[in-house]
Each structure stands twice: as structure tokens, then as C-alpha cells.
Amino acid sequence: IFLPKSYDADTNKKYPVLYLLHGMMQTNDDWFHRGHVKEVMDQLTASGEASEMIIVSPNAGGDMSKGHWNGYFDMPGWKYETFFFTEFLPYIEKTYRIIGNKQNRAVAGLSMGGGGATAYGQKHSNMFNAVYAISALMSIPEQGAQQFDDPNSLMAILTRSVIENSCVKYVEDADEQSIVQLRSVSWFIDCGDDDFLLDRNIELIQAMRKKVIPFQFRVRDGGHTWEYWHSALYICLPFVSRSFGK
């Protein structure tokens with residue numbers, strides 16, 4: 001958890017919140033230790049490019065080769081989405097001085113977490129004002145579920161959950177009421193030109209264009225790397241800052 005510098009000095013002040021989701025095989029430490037969220041946030045608030053906010057990175061993973069679960073959706077034996085919205089988010093917003101409404105709540109993430117952030121913004125559009133997706137796992141082609149020798153392995157279960165919660169299909173299948181709800185969120189999709197997930201991101205923005213859902217889309221130089229994800233913070237944090245309160 002990142003707390004603004006003024007948090008202890010002004011004990012009556014409440015803040016907007018950004019939930020920052022990590023990628024596959026990673027943990028909640030990675031955004032801080034490898035992405036250097038605190039250093040970037042301190043720099044951007046000092047320069048006035050980002051507003052003060054609380055940043056929370058929940059743990060939804062680990063090394064699956066060591067038996068750790070991964071994923072932001074409900075799966076057999078891993079009801080993570082239910083946990084996030086019924087236990088984790090309410091606890092965080094009760095424990096810390098968070099404004100706690102849609103206008104002041106955003107979600108972002110990288111890779112698996114980018115897909116998770118997008119899906120959360122889609123399915124819980126009443127909760128989030130802005131979504132920033134980086135190198136996001138927006139979907140997996142159906143044939144991707146057929147590649148596993150053990151259909152009960154953690155990776156196979158995770159793959160099926162991503163297919164079942166496809167961000168692309170959600171938009172393609174959205175009815176008029178859902179489209180109106182999706183338009184209430186500020187969307188930003190950011191993916192590198194050398195990223196293996198670029199096509200999945202393009203599929204999403206094509207679906208959003210057809211449904212006339214506004215978004216920002218950036219294809220920058222880079223791949224599926226921490227260098228890219230770290231650099232994305234310099235766009236992400238000002239973007240959510242501009243979105244808060246609107």
C-alpha cells in the first residue's frame with residue numbers, strides 16, 4: 001500500500017484510490033520492488049503531474065510451479081473475484097481514509113492484471129471511474145484451452161477462466177444497457193508494438209469502436225517487460241488523476 005506524504009499530517013483528509021493489479025507468476029510486491037511505484041508517484045506528485053492518491057496492490061498470485069494459485073476471477077478452489085469485492089475492497093476502504101465512491105476509484109494492471117482490471121471495470125462499472133490496462137491479457141483464443149495434458153493443472157484452470165471472462169467477448173456481447181454502463185468508465189489501453197498480446201488488445205479496441213465506447217489507445221515502443229510497465233506508470237498515474245472526481 002502506498003500512502004500519500006500528507007496522509008499522517010492531515011488526519012481528516014480522504015483520498016481517491018487506485019487498485020494496481022500484478023501479472024501472472026508475480027505477487028503484490030512486484031509493482032513496488034520492480035515497478036518502483038512509490039518513486040514514480042513521489043516524482044509525479046512533486047511535479048504536479050499526478051494528484052495524491054492511495055495505491056493498493058492486492059496479492060493474486062505467485063509461482064504456479066510452486067503450487068501457488070493465480071488469477072483475478074472465480075475458479076474452482078479460488079474465488080478471487082468474490083473475495084476482492086466482498087472482503088478485500090470493503091476492508092481496505094474501511095481501514096484507510098479513502099473517499100470510497102465510483103468517481104474516486106480506479107483500477108489498473110499489467111498482463112494478467114491488465115485483463116483483470118479491464119474485466120473488473122466491465123463487470124463492475126458502477127465501482128470504477130477509470131481503467132488503465134497495460135500489456136493486458138484481454139482474451140485467449142479458444143484453442144488455447146486445449147494445449148494442456150492435465151486439464152486440472154493450475155495453468156489450465158487459469159486459462160479457462162480467462163477465456164470465460166474474455167474482455168473482448170464481453171464488449172461484443174454487450175446489450176444497450178451494458179454499453180451505457182461501459183461508457184461511464186474512462187478507458188486507457190496501452191500495449192507495446194513488440195508485445196505478444198498486441199493482437200488481443202487490438203481486438204478489444206475494435207469491439208469498443210463498433211459499440212461507440214470511448215477509449216484511449218497507445219501502442220508504444222517495447223515488449224512484455226518491466227521496462228515497459230514501469231514507463232507506463234508515467235502515463236497511468238496522471239491519467240487516473242485527471243479522471244478522479246469526474
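**Exercise 1. How many of the five residues of strand 1 are buried?**

Before we dig in: this is a predicted model, where local features need pLDDT of at least 70, side-chain atom pairs count only at pLDDT 80 or more, and totals for chains, interfaces and linings use all residues. Residues are numbered from 1 along each chain as its sequence is written, and side-chain values use heavy atoms, with hydrogens and water left out.

*Solution.*
- Step 1: get the terms straight. Helices (H or I, at least four residues) and strands (E, at least two) are DSSP runs, numbered from the N terminus. Buried means under 20% relative accessible area, exposed means over 50%, and partly exposed is in between (1.4 Å probe, protein chains only).
- Step 2: count. Five of the five residues of strand 1 are buried, so the strand is largely enclosed by the rest of the structure.
- Step 3: split by face. In a regular strand the side chains alternate between the two faces of the sheet. Here Val-17, Tyr-19 and Leu-21 point one way, Leu-18 and Leu-20 point the other way, and all are buried.

**Exercise 2. Work out which strands pair with strand 1, and give bridge partners.**

*Solution.*
- Step 1: the criterion is that two strands pair if DSSP finds at least two bridges between them.
- Step 2: strand 1 (residues 17–21) runs parallel to strand 5, and five bridges join them. Val-17 sits opposite Arg-105, Tyr-19 faces Val-107, and Leu-21 has Gly-109 as its bridge partner.
- Step 3: strand 2 also pairs with strand 1 in the parallel sense, over three bridges. One example is Leu-18, whose bridge partner in strand 2 is Ile-55.

**Exercise 3. Place these strands in the whole sheet and find the edges.**

*Solution.*
- Step 1: the order is 2-1-5-6-7-8, an open sheet of six strands with parallel pairing.
- Step 2: strand 2 (54–56) and strand 8 (216–220) are at the edges with a single partner strand each, so one side of each has no neighbour in the sheet.
- Step 3: for the twist, neighbouring strands are turned by 15 degrees against each other on average, direction ignored. Axes here are lines fitted to C-alpha atoms (for helices over the stretch in contact), and angles run from 0 to 180 degrees between N-to-C directions.

**Exercise 4. Follow the chain from strand 5 to strand 6, and describe what lies on the way.**

*Solution.*
- Step 1: strand 5 (residues 105–110) is mostly covered, with six of its six residues buried. Arg-105, Val-107 and Gly-109 lie on one side, with Ala-106, Ala-108 and Leu-110 on the other.
- Step 2: five bridges pair strand 5 with strand 6 (residues 130–134) in the parallel sense, and Val-107 stands opposite Val-131.
- Step 3: the chain gets from strand 5 to strand 6 through helix 4, and this β-α-β crossover is right-handed. That label applies if, with the strands pointing away from the viewer, the path from the first strand over the helix to the second runs clockwise.
- Step 4: check the helix. Helix 4 (residues 112–123) has 12 residues and reaches 16 Å from first C-alpha to last, close to the expected 16 Å; the expected span is 1.5 Å times one less than the number of residues. Of its 12 residues, 11 are buried, including Met-112, Tyr-120 and Gln-122.

**Exercise 5. Classify the packing of helix 2 against helix 9.**

*Solution.*
- Step 1: two packed helices are described by the angle between their axes and the distance between the axes.
- Step 2: the axes of helix 2 (residues 37–47) and helix 9 (residues 226–243) come within 10 Å and cross at roughly 45 degrees.
- Step 3: helix 2 and helix 9 are therefore oblique to each other. The bins are under 35 degrees for roughly parallel, over 145 for roughly antiparallel, 65 to 115 for roughly perpendicular, and oblique for the rest.
- Step 4: the crossing is right-handed, which is the label if the near helix is turned clockwise from the far one by less than a right angle, left-handed being anticlockwise.

**Exercise 6. Look at two backbone oddities, His-36 and Val-212.**

*Solution.*
- Step 1: His-36 has phi near 55 degrees, a positive value in a residue other than glycine. His-36 is in the loop between helix 1 (30–33) and helix 2, and at 35% relative accessibility it counts as partly exposed.
- Step 2: Val-212, also not a glycine, has a positive phi of about 55 degrees. Val-212 is in the loop between helix 8 (198–210) and strand 8, and at 55% relative accessibility it counts as exposed.
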